[in-house]
Amino acid sequence: MTKGQSLIISDIADGVLRGINNVTDTVTSPFQPTSIRLGVTGLSRSGKTVFITSLVANLLDRGRMPQLIGAASGSIQTAYLQPQPDDTVPRFDYEAHLGDLTAPTPKWPDSTRTVSQLRLSLKVQPRGLIGTMSGPRTVHLDIVDYPGEWLLDLALLDKTYSEWSADVLDRIANRDAAQSYLKLQSGIDGTQSLEEPVAQSLAHSFTQYLRTARAEGFYDCTPGRFLLPGEMEGSPALTFAPLDPLDSAPRKSLWREMDRRFEAYKSRIVKPFFRDHFARIDRQVVLVDALGAIHKGPQAVEDMRHALADILGAFKPGRNAWLTQLFRGKRVERILFAATKADHLHHRQHPRLTAIMEALVGDAHDRARFAGADTQAMSIAALRATVEETIDHQGQTLDCVRGTLMDSGKQAAFYPGELPEDPTHLLNPARSGAEKWLDADYEIMSFAPAPLTLKPGDGPPHIRLDKAAEFLIGDRLR
Ligand SMILES: Nc1nc2c(ncn2[C@@H]2O[C@H](COP(=O)(O)OP(=O)(O)OP(=O)(O)O)[C@@H](O)[C@H]2O)c(=O)[nH]1
Ligand SMILES: [Mg+2]
């Protein structure tokens with residue numbers, strides 16, 4: 001059998017398995033437990049870990065969830081954590097993250113670099129006549145945390161190594177951060193036979209470039225696993241880099257081996273992620289640190305808009321034949337785009353942030369809708385670290401937020417600047433390549449989480465987490 005044939009057969013097998021899962025998913029009576037799989041994603045530092053931790057804490061103790069109808073009406077009777085059902089997926093370390101956030105000197109949780117999962121089960125007593133007759137039912141909520149960068153890798157599936165290399169080299173040609181890699185690459189003859197140290201130094205230098213690019217605010221930093229290697233670090237499937245395309249290269253040459261490793265990355269890393277995690281998601285929240293990008297400047301905003309469009313492309317069955325096969329008969333039903341860390345802004349500015357969020361995902365929004373998903377944009381803070389304060393400053397009143405600064409540990413009131421009412425005032429300069437915002441500077445401070453004293457029955461303070469939960473899963477909890 002040729003390589004091509006075996007690939008096709010494994011692809012069909014994926015599709016068949018998916019089909020079988022669908023059948024078991026849908027044949028559930030109202031009396032059996034149902035499960036919802038909620039995907040939580042976003043680019044690195046967008047707020048995934050804090051979101052999940054606070055969501056779970058606020059579902060366990062629902063005193064601050066009035067907008068979650070099932071909580072306000074009392075339909076949700078109890079909620080409890082359970083061992084998660086997927087034996088090979090790391091458990092989301094809820095207790096450690098909550099411990100960080102609720103310690104006497106609270107701190108933000110550490111960065112997480114891989115996929116993880118948590119099961120929260122809720123006992124729900126449906127309202128109304130039929131509901132009361134049927135008694136309480138159990139809803140298992142499986143929350144899956146995965147890096148948004150991994151969705152960007154979907155685009156690699158459509159490309160050969162040669163096409164990918166040409167694209168990447170073209171895109172990074174004028175970036176300062178890439179010059180050292182480009183110089184190294186241009187001195188390499190891909191037809192030479194493979195020497196592992198050469199492959200490693202190329203991969204190392206390319207990864208260095210990706211890291212710098214990420215820090216500078218570029219979001220098109222694929223292959224995603226280069227930045228978040230997890231347990232794959234150092235493996236051949238992560239030891240490749242783009243080389244100038246060649247018409248032909250001899251067997252055992254560096255170029256041929258890079259080609260082979262690129263294909264291995266696709267089949268051994270990208271596809272299993274989509275098959276085992278992505279294709280099973282029912283509801284999805286995409287977290288976006290829009291304020292962070294605005295603070296970095298127009299180029300970061302434009303780049304984030306592109307990355308979001310690519311991320312959301314993954315939710316459109318039909319874009320990729322292999323994914324369509326995998327999704328057969330199933331789709332992500334609801335997608336929430338949430339601008340996180342809204343506690344950096346006085347609530348008066350939240351509608352503006354939401355409008356920017358809506359405009360940022362504009363293209364992506366339509367694409368997802370096209371696939372039949374319900375979508376919504378919102379501004380939220382999963383963990384509120386500030387209080388609002390209006391101060392007089394040189395005869396002007398300023399709507400500020402007050403919190404503990406990360407750097408100094410001191411309390412300070414802070415005015416972040418005024419977001420424009422019309423989001424195009426931000427997005428247009430970004431799109432047309434402006435280097436700086438013309439009429440304003442948007443500051444952003446890093447606030448430490450505030451020490452908490454929680455009343456019994458209350459979860460941690462947040463902004464609109466209940467509304468987000470209602471949109472995502474509320475219909476199943478009434
Ligand atoms: N003020 C405020 N800051 C937040 C909030 N959520 C997240 N942050 C900040 O954003 C940082 C990143 O949050 P995480 O939840 O760790 O983000 P993540 O997406 O899990 O990050 P990675 O695991 O590195 O991909 C935190 O360390 C906080 O500084 C929030 O609701 N309010
Ligand atoms: Mg995280």
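The following is a conversation about a predicted model, its metal site, its ligand 1 and one of its helices.

Modeller: Local features need pLDDT of at least 70, and side-chain atom pairs count only at pLDDT 80 or more, whereas totals for chains, interfaces and linings use all residues. Residues are numbered from 1 along each chain as its sequence is written, chains are lettered from A and ligands numbered from 1 in the order in which they are written, and side-chain values use heavy atoms, without hydrogens and water.

Colleague: What makes Thr49 and Thr112 donors of the magnesium ion (ligand 2)?

Modeller: Donors are N, O and S atoms within 2.8 Å of the metal (3.2 Å for Na, K and Ca); water is not among the atoms, so sites may look incomplete. The OG1 atoms of Thr49 and Thr112 lie 2.0 to 2.1 Å from the ion, so both are donors. Thr49 belongs to helix 2 and Thr112 to the loop between helix 4 and strand 3, 63 residues apart.

Colleague: Why is Thr49 called buried, and Thr112 partly exposed?

Modeller: Buried means under 20% relative accessible area, exposed over 50%, and partly exposed in between (1.4 Å probe, protein chains only). Thr49 has 8%, so Thr49 is buried; Thr112 has 28%, so Thr112 is partly exposed.

Colleague: What makes the pair between Asp343 and ligand 1 a polar contact?

Modeller: A polar contact is a pair of N or O atoms within 3.5 Å; within protein, one must be able to donate a hydrogen and the other to accept it, and residues adjacent in sequence count only if both atoms are side-chain atoms. A polar side-chain atom of Asp343 is 2.9 Å from a nitrogen atom of ligand 1, so the pair qualifies.

Methods: Helices (H or I, at least four residues) and strands (E, at least two) are DSSP runs, numbered from the N terminus.
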